[in-house]
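Colleague: Please take a close look at one part of this model, and explain to a first-year student how its pieces are arranged and what surrounds them.

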Amino acid sequence: MKIFSAEQIKAADAFTIKKEPVKSIDLMERAAGKCYDWIYENAPKLFPPSISEESQWQFHVVCGMGNNGGDGLCIARLLNRSGYNVSITIVKHTDNPSDDFTANFNKLGTLKKSVIEVSTAAEMPEIAADCLVIDCILGIGLKGLAKGVAADAIHNINNSGATVVSIDMPSGLMCDNNPDADLNKIVHSHHVLTFQNPKLSFFLAETSLVVGNVHVLDIGIHPEFIGTEETKYHLVDRYFAASLVRNRNRFDHKGTFGHALLVGGSPGKWGAICLSAKACLRSGAGLLTVHAGEAASQSLMNHLPEAMVSDAGTAYFSTLPQLGVFDAIGIGPGMGTRDESAKALKLLIQEAKVPLVLDADALNILAENKTWLAFLPKGSILTPHPGEFARLAGEKLPHFENMQKQRELSMKHGIYILLKGAHCSLSTPGGNILINLTGNPGMATAGMGDALTGIITGLLASGYGPETAAALGMHVHGLAGDLAEQSQESLLATDLINTLGKAFNTLRNA
């Protein structure tokens with residue numbers, strides 16, 4: 001699914017209005033109707049249990065004076081038509097209401113009696129904690145922080161304690177970058193009913209906390225625009241990930257699915273490479289060799305007899321096996337950053353003829369030797385967490401700027417960078433950013449990154465290209481975490497790895 005900028009969203013509306021054709025006011029009516037349908041269906045779950053009768057439900061619609069406010073007026077009218085108790089606050093943040101706002105205001109009829117117009121904080125009506133607030137103050141046209149009476153209205157909503165449903169955007173949040181975002185000037189939504197395509201700011205660390213649950217509503221934007229309009233931002237949702245999964249043929253054999261090499265482990269950290277190894281085989285590699293010290297060899301033979309072992313000769317990675325037989329190489333989990341390991345990594349980068357998957361200590365060594373990035377095999381995949389990426393980038397940046405730095409490094413060096421987090425993002429040599437939708441807070445625990453390294457290496461070895469292996473790998477990793485989660489406190493990397501089979505089958509059945 002594509003993610004469009006505010007300018008592209010406006011262009012999509014204009015294209016639909018011209019191409020369908022449909023009047024702007026009728027497109028707004030269509031969008032508001034979709035919102036009404038969602039609210040009608042979900043209202044019983046949105047009000048407190050003590051408000052059990054529909055006659056007790058109170059809807060408080062807070063509107064600005066642009067098209068987002070026009071959506072709100074239309075929703076209020078539809079709710080009132082169904083017999084619900086509706087009150088409307090119009091926040092007069094401008095003297096120039098949009099044409100569609102004015103048209104919808106004129107359609108309110110007797111509902112105008114319930115309208116309160118406010119120009120100052122002192123005029124704000126009290127919002128009861130047991131009502132449902134429908135937030136329609138500011139939409140995609142916002143540029144900069146909310147201010148004046150709009151900021152006052154946002155503060156009023158946030159202090160009410162009521163459940164909040166925002167239409168298209170939480171008021172005060174911009175679509176894309178929100179530099180110096182002040183969360184006190186953004187509505188803290190419980191649910192966002194967004195039109196056609198989600199917005200980038202929904203997935204950024206600094207602003208995602210105010211977004212709540214996002215529900216994408218199809219309002220009939222013309223498919224020609226969606227299909228042809230180019231964007232650098234894409235979502236890896238379940239249907240996209242499912243399209244990447246291949247089925248095996250009856251006469252395939254282990255040689256068909258490649259030979260993977262995993263390098264890592266050091267005293268006290270043998271478990272990391274063992275987790276990667278198990279995830280690699282669970283992800284489809286036909287053969288796996290683990291290049292590690294004797295202690296890891298014994299652990300692997302005891303717990304993962306399907307893996308072969310190449311003895312590193314010492315307790316630390318310092319030598320390379322013969323590389324010619326391997327179809328994919330993953331390196332870093334538990335490896336350590338000793339001088340001999342750094343020298344061996346440099347030699348691997350120079351001699352490898354297949355893409356590498358670099359994680360953990362391999363990234364920490366790279367961060368101290370940034371010139372080596374230029375010599376990585378094309379199509380290599382780096383999987384840093386935010387701290388590791390900050391060391392690679394040379395500075396700690398806000399999430400949006402991190403994405404721009406990701407893209408810059410990927411394009412410069414012909415590599416893929418998978419930045420781990422609540423919504424993993426994958427940058428490509430072509431300059432695209434793919435954002436993942438799976439995963440949960442229970443995955444914030446040891447070994448999850450080691451499992452991801454193994455998954456991607458296994459997919460690479462079995463014949464997936466680097467971009468597909470990284471995109472599918474991050475999605476199936478998060479999906480397995482979602483399927484394995486019994487509680488956010490108890491989830492282990494081992495649980496995730498043991499659920500990979502179910503995750504792959506879930507995608508096949510999507």
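Modeller: Helices and strands are runs assigned by DSSP, H or I over at least four residues for a helix and E over at least two for a strand, and they are numbered from the N terminus. The model is a predicted one, in which local features need pLDDT of at least 70 and side-chain atom pairs count only at pLDDT 80 or more, while totals for chains, interfaces and linings use all residues. Residues are numbered from 1 along each chain as its sequence is written, and side-chain values use heavy atoms, with hydrogens and water left out.

A convenient place to begin is Asp168, which sits in the loop between β6 and β7. Although Asp168 is not a glycine, its phi is positive, at about 70 degrees. Both β6 and β7 belong to an open sheet of seven strands, whose order is β4-β3-β2-β5-β6-β7-β8 and whose pairing is parallel; two strands pair if DSSP finds at least two bridges between them. At the edges of this sheet stand β4 (115–118) and β8 (213–217), each of which pairs on one side only. From one strand to the next, the twist averages 20 degrees. Angles run from 0 to 180 degrees between N-to-C directions, with axes fitted as lines to C-alpha atoms, for helices over the stretch in contact.

Within the sheet, β5 (residues 132–136) runs parallel to β6 (residues 163–167), and four bridges join the two. Val133 stands opposite Val164, a residue of β6.

Two helices can now be placed against these strands. Helix α2 lies across β2 (58–63), β5, β6, β7 (191–195) and β8, and runs at about 160 degrees to β7. Helix α5 (residues 148–158) also packs on the sheet, where it touches β2, β3 (85–91), β4, β5 and β6, and its direction makes about 145 degrees with that of β3.

Helix α2 deserves further attention. Two packed helices are described by the angle between their axes and the distance between the axes. In the case of α2 (residues 24–46) and α4 (residues 99–106), the angle is about 70 degrees and the axes are 10 Å apart. On the side of α2, the residues that meet α4 are Ser24, Ile25, Met28 and Glu29, and their counterparts in α4 are Asp100, Ala103 and Asn104 (contact means heavy atoms within 4.5 Å). Three residues of this contact are nonpolar, two are polar and two are charged; Ala, Val, Leu, Ile, Met, Phe, Trp, Tyr, Cys and Pro count as nonpolar, Asp, Glu, Lys and Arg as charged, and the others, Gly among them, as polar.

The structure holds eight salt bridges, a salt bridge being a side-chain nitrogen of Lys or Arg within 4 Å of a carboxyl oxygen of Asp or Glu. One of them joins the side chains of Arg30 and Glu20, at 2.9 Å from N to O. Because Arg30 lies in α2 whereas Glu20 lies in the loop between α1 (6–19) and α2, this pair ties together parts that are ten residues apart in sequence. The loop between α1 and α2 also holds Pro21. The peptide bond from Glu20 to Pro21 is cis, and its omega is near -15 degrees.

For the surroundings, a further open sheet has eleven strands in the order β1-β9-β18-β17-β16-β15-β14-β13-β10-β11-β12, with mixed pairing. Its edges are β1 (2–3) and β12 (308–311); each has a single partner strand, so one side of each is left without a neighbour in the sheet. Strand β11 (residues 287–292) runs parallel to β12, and four bridges join them. Thr289 has Met308 in β12 as its bridge partner.

Finally, helices α8 (residues 270–282) and α9 (residues 294–303) cross at roughly 45 degrees, and their axes come within 10 Å. Trp270, Ile273, Cys274 and Ala277 of α8 meet Ala295, Ala296, Ser299 and Leu300 of α9. This contact has seven nonpolar residues, one polar residue and no charged residues.
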